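Welcome, and please open your viewer with the cartoon switched on. We will go from stop to stop, selecting a few things at a time.

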Amino acid sequence: MAVPSTCEVFVFGAGPAGATLARLLARAGHSVVLLDGARPRTIAPRETLLATAQPALERSGLWPWVEAHTEVDTLRHGAIWGSDAWRWRSDAAPGRSYLRAAFDAGLRRAAAAAGATVLAGARLVQGAVQSDGRAELHLQPLEGGLEVCHARYVAVATGRGTRSLRAAPFAVRERHHGPHTVALTLQGGCAAAAPCAVVEAVPQGWWWWHGDGAAGGAATLFCDGDELQQVGTAALLHSARTAARGPAHTLEATTVGAAGDATARARSAEAVLLVGDAAASIDPLASQGTEKALLAAEHAARVLRAALAQPDDFAELRRLHEQWEHGLYRAHVRSAAQFLDQERRFPDAPFWARRRLPAVPPPAPSTRWRQPSGVVEAAVLTRLGDTFTRTLGLRRLDGETLVAVGYVPAVPVWRLFAAGATLNEAVASGGGDARLFVLQPAAVHAAAAVLAEQGWLTPADTHAGARH
Ligand SMILES: Cc1cc2nc3c(=O)[nH]c(=O)nc-3n(C[C@H](O)[C@H](O)[C@H](O)COP(=O)(O)OP(=O)(O)OC[C@H]3O[C@@H](n4cnc5c(N)ncnc54)[C@H](O)[C@@H]3O)c2cc1C
C-alpha cells in the first residue's frame, strides 16, 4: 500500500495500543497511518483480561469490541504461592480469554475499516520531529523505494520492543525499570491441566500455566535475567520444571517458544506520544497489560484530538498522557512487589532475593511537612469527560501536575502546609477551607499522606527540593 504524503497522526506499532488508537482517531474523522511492524508475537499465545477490566473498558467505549472479539474465560484459576498447597480461586467473576495473534489482527482490521491507512512491514529509515510535534518521516515500504510522510503528530506504540526505535528521532529515554525479568514459554500436552490457569512460584521465578481447554497449553516461566545468563536456558528451565508441583512439572512433549523481555519499564520522549507498553510496561503478574494498552489508546486519542484542536497545548497534553501512564506504572510496581513479597519460601534464590521489598519505615506521625520549592500552584490541564479543561492544580518543575487525589482537591490540602505542619495538625486546620470542610477528615488525611509520599510535600526539617 502506498504511503500517504501527509497525515494528522502517524502511529508506530499495531498491537492493542497502536491499533486501537488508530481506530479511535480514524473513526473520529482524522487521517491516520498505522505502521504494523509485521512481527508476530510468539510468547504466551493466549492471554486473559480480568473481569475487573470491564467497567473501565465500558466507560471508555471499548467494551463492545472487546466483548465481541474475546470469549468468556472458562478456565479454573488456581495458585501455588506462599505455600506448597494448591489454592483454587472461587470468588472471582470470569474474565475474557483470547488468542493474541487473532486479537491483534482483528484490531488492525477494525482500524482499517474505520479509515486508517495500515502499512504492513514498512521500515522507518530516517526522520525528524520538531518540538511542536510535526514530523517528517522517510519510510521504506516492503516493495522497496523510499516514501516521505509529513505527520502533524507521531504516536509510538511499539511495545516493549521500543528499543528497536532507539536510532529513530524520537529521543525515547528510560526513566525507571524493575529487576531484569525474562519470559520463557514452553508449549506441550498436559490433558489434566488443560481446563486450568495456574500461577506457581518456584525458586527460579514463577510459572504461569494457561491451559488450552483441550489437551495441553502453554507454561511461561518469568525468571531473573541475570540468573538466566549465568545458568543458561536449558538448565534453568530444567530446574524450574523439577521444582514445580503444578502443570509446568507434568507438561509433555514440550517445545520451547520464544524468550521475551518482561521487565517493568517506564519511558518518556520529548515530542512524540508514547502509548501502552512503549510508555510503561507493567509486571505481567498483574495480568492487566492489555487492559492498560487499550485504555491508554483511548486516553491518547483524547489527548491527540485535543492537541489537533489546540496545538499550543500539545506539550502539556503530551506530558499529561505520560503522567497517566507513569501513574499506573508506579501503582503496579507497588502492587506487584507486595504480591511477590507474599512468597517467602525461597529467600536466598536470586529471583526472590533481587525482588525483596526494602524495609522502609513509614514516616513518624510527628514528621512536619512543608511545601517544597519546586512546586507551584497553576492553572493546569485536566481531563473532563471527553475533553481537557484548565483548573487550579499543582505543577512541578518537570511539568508533572496534580489536580486532585481521588475526589479531594490537591491545592487546598497543599496550602495547609504553607507554614509547616504534621499531617494531623494540617487536617485539624482543614475545616477553614469550605472545600475541605465538606469532606471526611480521614479522606483529607489520606490525600495529605499521598502528597507527602509523592513528593508534593517535603519533610520540614530538610532543605530538599521537589522530587525529580
Ligand atoms: C509473557 C507475557 C504474558 C502476558 N500476559 C498477559 C495477559 O494474560 N493479560 C494481559 O492483559 N496482559 C498480558 N501481558 C502484557 C500484554 O501482552 C502487553 O502489556 C500488551 O501487549 C501491550 O500492548 P501494546 O500495544 O502496548 O504493545 P505490544 O502488544 O507489544 O504491541 C507492539 C506492536 O508494535 C510492533 N513494533 C515493534 N517495533 C516496531 C517498529 N520498530 N516499527 C513498527 N512496529 C513495531 C510489534 O510488532 C507489535 O505489533 C503479558 C505480557 C507478557 C510478556
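Which domains give residues to the shell around the ligand, and where does the ligand lie relative to them? Before you select anything, keep in mind that this is a predicted model. Now colour domain 1 (6-71 + 94-176 + 264-341) and domain 2 (181-261) separately. Both contribute residues to the shell around the ligand, so the ligand lies between the two.

**Stop 1: the ligand shell**

Stay with the ligand and show the 36 residues around it. Those that come nearest are Gly-15, Gly-37, Gly-159, Gly-276 and Gly-289. Next, select helix 1 (16-27), strand 3 (46-49) and helix 8 (289-309), the elements that give two or more residues to this shell. Which of the elements gives the most? That is helix 8, with four residues. If you now colour the shell by residue class, you should find 15 nonpolar, 16 polar and five charged residues.

**Stop 2: a sheet of three strands**

Hide the shell and bring up strands 12, 18 and 20, which form an open sheet in the order 12-18-20 with antiparallel pairing. Strand 12 (173-177) and strand 20 (280-281) are the edge strands, each pairing on one side only. Zoom in on strand 12 and strand 18 (residues 265-268): these two run antiparallel and are joined by four bridges. To see one position up close, label His-176 and look across to strand 18, where Ala-266 stands opposite.

**Stop 3: another open sheet**

Move on to strands 22, 23 and 24. Here, too, three strands make an open sheet, this time in the order 22-23-24, and the pairing is antiparallel. Which strands stand at its edges? They are strand 22 (375-384) and strand 24 (401-402); each has a single partner strand, so one side of each is left without a neighbour in the sheet.

Select strand 22 together with strand 23 (residues 387-396) and count the bridges: 10 of them join this antiparallel pair. Two pairs are worth labelling. Val-380 has Thr-391 in strand 23 as its bridge partner, while Val-375 is partnered by Arg-396 in strand 23. As you turn the view, remember that side chains in a regular strand alternate between the two faces of the sheet.

Finish at the turn. Strand 22 and strand 23 form a hairpin with two residues between them. Click on Gly-385 in that turn: its phi is positive, about 60 degrees.

Technical notes: Residues numbered from 1 in each chain as written. Predicted model: local features only at pLDDT ≥ 70, side-chain atom pairs only at ≥ 80, totals over all residues. Pairing = 2+ DSSP bridges. Near = placed C-beta within 6 Å. Nonpolar A, V, L, I, M, F, W, Y, C, P; charged D, E, K, R; others polar. Domains from an automatic or database assignment.
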